[in-house]
Amino acid sequence: MSYGIEHTAHKDYTGAKIGMWLFLFTEFFLFFGPVLLYTIYRFRYHAAFTASSHELDLAIGSINTAILLTSSLTMAVSISALQRDRTKLSLWMLAATFVLGVVFLINKYFEWTEKFSHGMYPGGEALAGGPPGQGVFYGLYFFLTGLHGLHVLAGITAIGVLAFMVLKKKVSAADHVRLENAGLYWHLVDVVWIYLFPIFYLVR
Amino acid sequence: MYENGEKHYIARYTTLVMVWVSLIGLTWLTVKISGIGFGTFSIIAPFLIASIKAFLVVDYFMHLKYERPFFKWILLVVLGTVIILAWLVYEDVAYRPL
Amino acid sequence: MSIRESYLESGPGSKLASWIFSTDHKRIGLLYLAVIMSLFFVGVTLGFLMRLELITRGPTIMEAQTYNSLFTLHGVIMLFIFIIPVTTSVFGNFMLPIMIGARDVAFPRLNLLSWWIFVAGTILAITTLILGPADTGWTFYAPYSLISGQYVALAVFAVFVLGLSSILTGINMVTTVHRLRAPGMTWHRLPLFVWAIYATAWILVIATPILGVNLLMIIAERFFGIGVFDPAKGGDPILYQHLFWIYSHPAVYVMILPSLGVIAEIIPVFSRKTVFGYKAIAYSSIGIAALGSLVWGHHMFVSGYSYTAGVIFSLFTFLVAIPSAVKVYNFVGTMYKGSIVVDTPFYFVLAFIYMFAVGGLTGVILGALSINIHLHDTYFVVAHFHYIKFGAAALGFFAALHYWFPKVFGRMYNRRFANWSLLIFFIGFNLLFLPMFVLGYEGMPRRYFDYLPQYANLQYLSIFGSWVLVIGIAMMFGNLIKGLFRGKPAPQNPWGAATLEWQVPSPPPKENFREIPEVKHNPYHFENVRRELD
């Protein structure tokens, strides 16, 4: 039940897109803060950051990158399919995106627990004795990948809801902007990871 | 239906798959060259490749290439802001009396 | 249901629900007004008690720890709950869509969600008041905020939630101005208040997330010890200050820009003359928003950061005075050779210009690197920012209340009484804060709950001022509340203004306009309108 005035049937496609892009920019600035800190600490604690980077598992990082990139493809295909009124293909692609997102999080879980078991977490015994830069590196690593993980979680939730709406025909070829906006969000999560990957795994 | 019958860009599947192939290829490349150790370049190269990848995602997957100029302008404003903010903070940390 | 039914009338069913679940931008504006004003009175009480504590040296009515909590809460409530959102959320919501000829904002449901998030943040802030208020000051500086035994994480989270609400409001306003302008409402026909809100909304969108993530890092530090700001773990607390002020300095412009917009609306109406230098005022809003984002370092002159940065930030601080001064010149230029009608809102404008000039000029003094070292963290700073945030920004909001009151509620308050309350407010304010400039210059530090004997006399004067000020505020709002219930019905266009909100009945009908109007003139074209008050 809505208490607002009855709006005339009016859907502003471009307005919805502008709103979503603005929101994406706020997300971008959210990640900008800690990344700025990373660049500063990287110069200050050059040796400790390089050494810590070598302790991360490059194989898992690379696989996770490939998983997110692929999920971006399935998301983009899903939108194209819906616009062409191929609802079934669109739904399958959404399901694939959802599953890939979950796999990403599972990998992340194993990566984190492996570090925990070696005492490599903020306040853990392995970091207490290390050089100060090492603690900062892992502080930023857990904060940024944790924040990114929360965004992945929000993204797969949105994709689940959207899949339901496509199924119920609330989102369709005629009115697809909500799926497009969910896609924009998912791609942003991907772009953030594209930068987090070299930051923590590659610059050694 | 949306008002004033705006035309929506519909991406071709082949384009999307091509972009994906490039993204995976670039990821393979960046992993291969990491840790080879050519000094400064080994810091710049991964971020250069990451930026190309981000550009591909934003332009093709997110359809920025086909959006009206307004979207491109706000992207420029945002990137400009980030550069200026970072520069001002670096003016502090680079010259800090320690 | 009559199509011209006022937005204040509810249909059958729960009256409360018809308000708190309303997606009507006008009702949401009033919802914000209700929440914000109740918290404003809490903030005033806290400030009043802080002053009262200083009436004798040593503990008078509270201990030092309580005093620390009081100034923290006073800051958090007055900044994050009152002055940052108030004009944008109340009048931005209520007036902006009508002023551009729209039926609502771009995302009405998101607008309601922003209000609910705002309420959640407010409740969190009040919860800390009961549990154990933070004692860090509203700035939450590391490393003390990492080790304080009070409920700092909860207070920080409250501010994060309030920030989220700001971001959503900002997105809504930018999109509304871009997409919902009426036919003929070109960018250069936008009322100046709309320009001001537009610039403000951009600051909210760009700067707030940086504060948000900074606060999240403080929470992560407190719970997990991630060490990015903790010097004991290799972190750098000055970087916290950077990220904090990257948002919180532009936030000052979030407070003042909408008020400057309000003043720019009122002056031409009461000068019966088109605004002087429309484009200069409009673009100076954008200029202030842009330049104001580059001056945050002047809060950190004594933090031990680099001299190079100090010089750059000092220079930018001088530069931001230029667009601010452009506005004042244009305000005065608009009055020049106008046929001025002196009425309540105009008195508010005059008081505003004085306050803004004093606050602005002392700001330039503080922006000078060398003088700042002497005055940093003294009462001089306290006086300066109260002139800007309270004397100017909040007074601009009070001006808006008195200007738009007849439109919003369809009733008129007692104008004579309002003038008197403004006079008492003005005297009390200056008695309270002018002595602080002297106290600060003589070395009285801020946030201390005690002082040396030589400061006593000026402290007494300032405390006396706080009593006068509270009387002024009580009179002002007593008068408005009386007008709300017993005031005479207001005409459609009491002041004779030409902007669109005065071309609809008072109070406005639910759908604002029967038909979306077509705009043919600039908003300060007074030929076809006349004043409907005696």
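Trainee: Which residues have the most contacts inside the largest nonpolar core?

Mentor: In this predicted model, that core has 267 residues, and the ones with the most contacts inside it are C:V194, C:Y198, C:V205, C:I263, C:I266, C:F352 and C:A399.

Trainee: What makes a set of residues like that a nonpolar core?

Mentor: The members have to be buried residues from a nonpolar list that includes Val, Tyr, Ile, Phe and Ala, joined through C-beta atoms within 7 Å. Take C:F352 as a case: leaving out residues up to four places away in sequence, C:F352 touches C:I263, C:A392, C:L395, C:G396 and C:A399.

Trainee: Why is the core said to lie between domain 1 and domain 2 of chain B?

Mentor: Because domain 1 (1-67) and domain 2 (68-98) of chain B both give residues to this core.

Trainee: Let's do burial. How do you know whether C:W245 is buried or exposed?

Mentor: Count its neighbours. C:W245 has 23 C-beta neighbours inside 10 Å, and the cut-off for buried is 20 or more, so C:W245 counts as buried. C:W245 sits in helix 9 of chain C and touches C:W296, C:H299 and C:M300, not counting residues up to four places away in sequence. Its C-alpha atom is also 9.2 Å from that of C:S293, 48 residues apart along the chain.

Trainee: And what makes A:V99 partly exposed?

Mentor: A:V99 has 14 C-beta neighbours inside 10 Å. Buried needs 20 or more and exposed means 12 or fewer, so A:V99 lands in between and counts as partly exposed. A:V99 belongs to helix 4 (residues 87-117) of chain A. A:V99 and A:I156 are 57 residues apart in sequence, yet 8.6 Å apart in space, C-alpha to C-alpha.

Trainee: Why is A:K169 called exposed?

Mentor: A:K169 has 10 other C-beta atoms within 10 Å, and 12 or fewer is the mark for exposed, so the label fits. A:K169 is in the loop between helix 6 (132-167) and helix 7 (177-202) of chain A.

Trainee: What about the phi of A:K169?

Mentor: Phi there is near 65°, a positive value in a residue other than glycine. Most residues other than glycine have a negative phi. C:D377 has a positive phi too, about 55°, and is not a glycine. That residue is in the loop between helix 13 (369-375) and helix 14 (379-409) of chain C. With 14 C-beta neighbours inside 10 Å, C:D377 counts as partly exposed.

Trainee: What makes the peptide bond from C:A142 to C:P143 cis?

Mentor: Look at omega: for that bond omega is near 0°, and the bond is cis. C:P143 falls in the loop between helix 5 (108-131) and helix 6 (144-147) of chain C. The bond from C:S506 to C:P507 is cis as well, with omega near -15°, and C:P507 comes in the segment after strand 2 (488-489) of chain C.

Trainee: How do you know which residues of chain C are in contact with chain A?

Mentor: The test is C-beta atoms within 7 Å. By that rule, 36 residues of chain C are in contact with 31 residues of chain A. Helix 8 of chain C gives the most to that side, with 10 residues. By class, the side of chain C that touches chain A has 20 nonpolar, 11 polar and five charged residues.

Methods: Residues are numbered from 1 along each chain as its sequence is written. Chains are lettered from A and ligands numbered from 1 in the order in which they are written. This is a predicted model: local features need pLDDT of at least 70, side-chain atom pairs count only at pLDDT 80 or more; totals for chains, interfaces and linings use all residues. Two residues are in contact if their C-beta atoms, placed from the backbone, lie within 7 Å. Helices (H or I, at least four residues) and strands (E, at least two) are DSSP runs, numbered from the N terminus. Ala, Val, Leu, Ile, Met, Phe, Trp, Tyr, Cys and Pro count as nonpolar, Asp, Glu, Lys and Arg as charged, and the others, Gly among them, as polar. Domain bounds come from an automatic or database domain assignment.
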